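Here is a friendly walk through a few places worth a look. Keep the sequence and the structure side by side as you read.

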Amino acid sequence: MKKFIQLNGLVAPMDQSNVDTDQIIPKQFLKSIKRSGFGPNLFDAWRYLDEGEPGMDNSSRPLNPDFVLNKPEFKGVSIMLARQNFGCGSSREHAPWALEDFGFQALIAPSYADIFYNNCFKNGILPVILSEEIVDRLFQEQKASEGYSLDINLETQLVTTPSGEQFSFEVDDFRKHCLLNGLDDIGITLQDETVIHSYEQQRKKEKAWLFADLKA
Amino acid sequence: MADTLYDKLWQDHLVSERDDGSALIYIDRHIIHEVTSPQAFEGLRMAGRKPWRISANIATPDHNVPTTERSAGVDAIVDPVSRLQVQTLDENCDEFGILEFKMNDQRQGIVHVISPEQGATLPGMTIVCGDSHTSTHGAFAALAQGIGTSEVEHVLATQCLIQRKMKNMLIRIDGELQIGVGAKDVVLAIIGKIGTAGGTGFAMEFAGSAIRGLSMEGRMTICNMAIEAGARTGLVAVDDTTIDYVKGRPFAPTGELWEQAEQNWRQLVTDEGAHFDEIVEIPAESIAPQVSWGVSPEMVLPIDAELPDPAMQTDPVVTEGYKRAMEYMDFKPGMKITDIKVDRVFIGSCTNSRIEDLRAAATLIKGKQVSNSVKQALVVPGSGLVKQQAEKEGLDQIFVDAGFEWRNPGCSMCLAMNADKLGDGEHSASTSNRNFEGRQGHGGRTHLVGPEMAAAAAIEGHFVDVRTWY
């Protein structure tokens, strides 16, 4: 996994609550058996004026000029500013894959759906949580200044605005550790292999019915 | 100490706790389907890892499979990308020796229908699947959660998940439901009250006499949509209804092991006086048949209501959301729910495709005809065994005589990954779980309802108060 330590990036506003993972990456693109290549179909139904299908040449499709990510000033964007309950709905990890593939490395919102939030950390994306008031202020600042950028530092857990104002955010220690070091958590869990084995043996003794061999 | 059901399940599966508060949780059952697993198997292979415990896994293809005639098998799936995904699941399961009910196996169906049906879902288990509606299995007092693909790989490789303990929420529905009001209406009413983020960070236990009075099918419908209220996991305590449902299922324990298991399962209830961080109460009598009108499951109203005015909302974020929804759905404030016309009707999905759902719908439409204004009415049973049972009871004939199409099992129009979808601008009466923009087809407009309400809308061509039909 890619590391995340610190980022100074251009901010794009996604000014609506409850943005669901069906919007982030519509279902027709979930048929891929790969982890990459979802970026061109991020927010497909909002981003293009036609109906997207896998295998299309996305560069020749008609763009929706009103959609935020199609505006030239957001070229090279890496931070998304969002509203409450971002990423609700389906557990599809294709949503963070698409965000990452497009170029997003961090998100800022007052809240996220649980599964999506968890999926972000597995893909090197930092989902920052700030209070509704602060997020609201960032939306206003962003609106007022073209090229609005923020600095996000995971080590110090601080978001710094262009005027130097700082907001601290919380993040789970384990997730922070994995993200700072780009660690694969399967490897970490397997360091506890013997603990898992002994738990499993004990469980088998006490609750044998859970270990029935599923046979066709 | 008095524990909640969730506290007990958490404690029982705790492998180890770290100083930072995260924990390793053991996973008893892992259910696999074709959409969220290929990248996980590929990851395993690339790292040279093997599944930790093969017999913890059970698989079936459901999201992509055609629901029309499909006896020619997987190679005959028309959409090449769908075909490859189903083939990839078959290959992965064959390679690793994982039990899979393949597309034309009688036991194939929607993951959340087949696992309980086979007794692969048991009380007291931890159950995961790369699908958010895994919360369904909480109806059995199992700690069941949807996970992403990285976690699918993690569970395959380690039989564990890294988690933090959630908070406890109690939803109590006491009293008696009105005639014509079912489990789907109850859960939609809950989501309408607490919102789609109301349960975020919580394990949500459903209790009260109205929940106790529901069948396992009804409880599964409720737990299925816990995720639509933001909760990864929904729970219902064990009682006789649970035990009776599990007994005799193909993978359920038998003999002495059954006795041991039952004794253990009977303890899977919240202790008197246990602490909940939040409690929500809704009197059962107050719940009317529900219809969602917007693009989020929380945009839901009783059948006798009128559409809200976005301008009258106090929260500007809500006003904006309602405005967008009205525009997408092509509605005006003040319109009556009963004036909403439907173009297509879908009875199916992991929320409402079990035998009881089909019986409820069939009873209501027997001898009636689907309205001429309805372009298509689909019934998609949740599994091959549900289909077989329904056919034994003659339900298929009732549906076909009324003008419904009787299909093969799969996820179908719930998320339209196969050929079953809404056209641009069409409205559906759908027994599924999500009314997000484009969920059932590009530009499609979904209305979430229970099976009785969907059946009645098919007959009348618009939503009607099904309570008047009894």
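## A serine in a loop of chain B

In this predicted model, B:Ser353 sits in the loop that links strand S15 (344-347) to helix H12 (355-365) of chain B. Is B:Ser353 buried or exposed? With a relative accessible area of 0%, B:Ser353 counts as buried, because buried means under 20% relative accessible area.

What does the side chain of B:Ser353 reach? Its partner is the backbone oxygen of B:Ser349, at 2.8 Å. Leaving out residues up to four places away in sequence, B:Ser353 also touches B:Ile110, B:Val113, B:Gly348 and B:Leu358, together with B:Val380, B:Pro381, B:Gly382 and B:Val386.

## Where chain B meets chain A

Now turn to the contact between the two chains. Chain B brings 81 residues to it and chain A brings 63 residues. About 6,100 Å² of area is buried between chain B and chain A, and carbon and sulfur atoms give 56% of this. On the chain B side, B:Gln39, B:Trp52 and B:His442 supply 11% of the area buried against chain A, more than any other three residues.

There is plenty of polar detail to click through as well. The rule finds 10 salt bridges across the interface of chain B and chain A. One to look up is the salt bridge of B:Asp79 with A:Lys31, where the closest N and O atoms are 2.5 Å apart. Across this interface, 35 residue pairs are in polar contact, with both residues at pLDDT 80 or more. Helix H5 (residues 149-158) of chain B gives the most to the side of chain B that touches chain A, namely 7 residues. By type, the residues on that side of chain B comprise 29 nonpolar, 31 polar and 21 charged.

## A strand of chain A and its two partners

Finally, look at strand S5 (residues 149-153) of chain A. The strand is mostly covered, with 4 of its 5 residues buried. S5(A) pairs with strand S1 (residues 6-14) of chain A in the antiparallel sense, over 5 bridges. S5(A) also runs antiparallel to strand S6 (residues 158-160) of chain A, joined to it by 3 bridges.

A:Asn153 is a handy residue to follow here. In the pairing with S1(A), A:Asn153 is the bridge partner of A:Gln6, and in S6(A) the residue opposite A:Asn153 is A:Leu158. S5(A) and S6(A) form a hairpin with 4 residues between the strands, and there A:Gln157 takes a positive phi near 55 degrees.

Definitions and conventions:
Residues are numbered from 1 along each chain as its sequence is written. Chains are lettered from A and ligands numbered from 1 in the order in which they are written. This is a predicted model: local features need pLDDT of at least 70, side-chain atom pairs count only at pLDDT 80 or more; totals for chains, interfaces and linings use all residues. Side-chain values use heavy atoms; hydrogens and water are left out. Buried means under 20% relative accessible area, exposed over 50%, partly exposed in between (1.4 Å probe, protein chains only). Helices (H or I, at least four residues) and strands (E, at least two) are DSSP runs, numbered from the N terminus. Two strands pair if DSSP finds at least two bridges between them. Contact means heavy atoms within 4.5 Å. Buried area is the accessible area (1.4 Å probe) that two parts lose on being put together, summed over both. A salt bridge is a side-chain nitrogen of Lys or Arg within 4 Å of a carboxyl oxygen of Asp or Glu. A polar contact is a pair of N or O atoms within 3.5 Å; within protein, one must be able to donate a hydrogen and the other to accept it, and residues adjacent in sequence count only if both atoms are side-chain atoms. Ala, Val, Leu, Ile, Met, Phe, Trp, Tyr, Cys and Pro count as nonpolar, Asp, Glu, Lys and Arg as charged, and the others, Gly among them, as polar.
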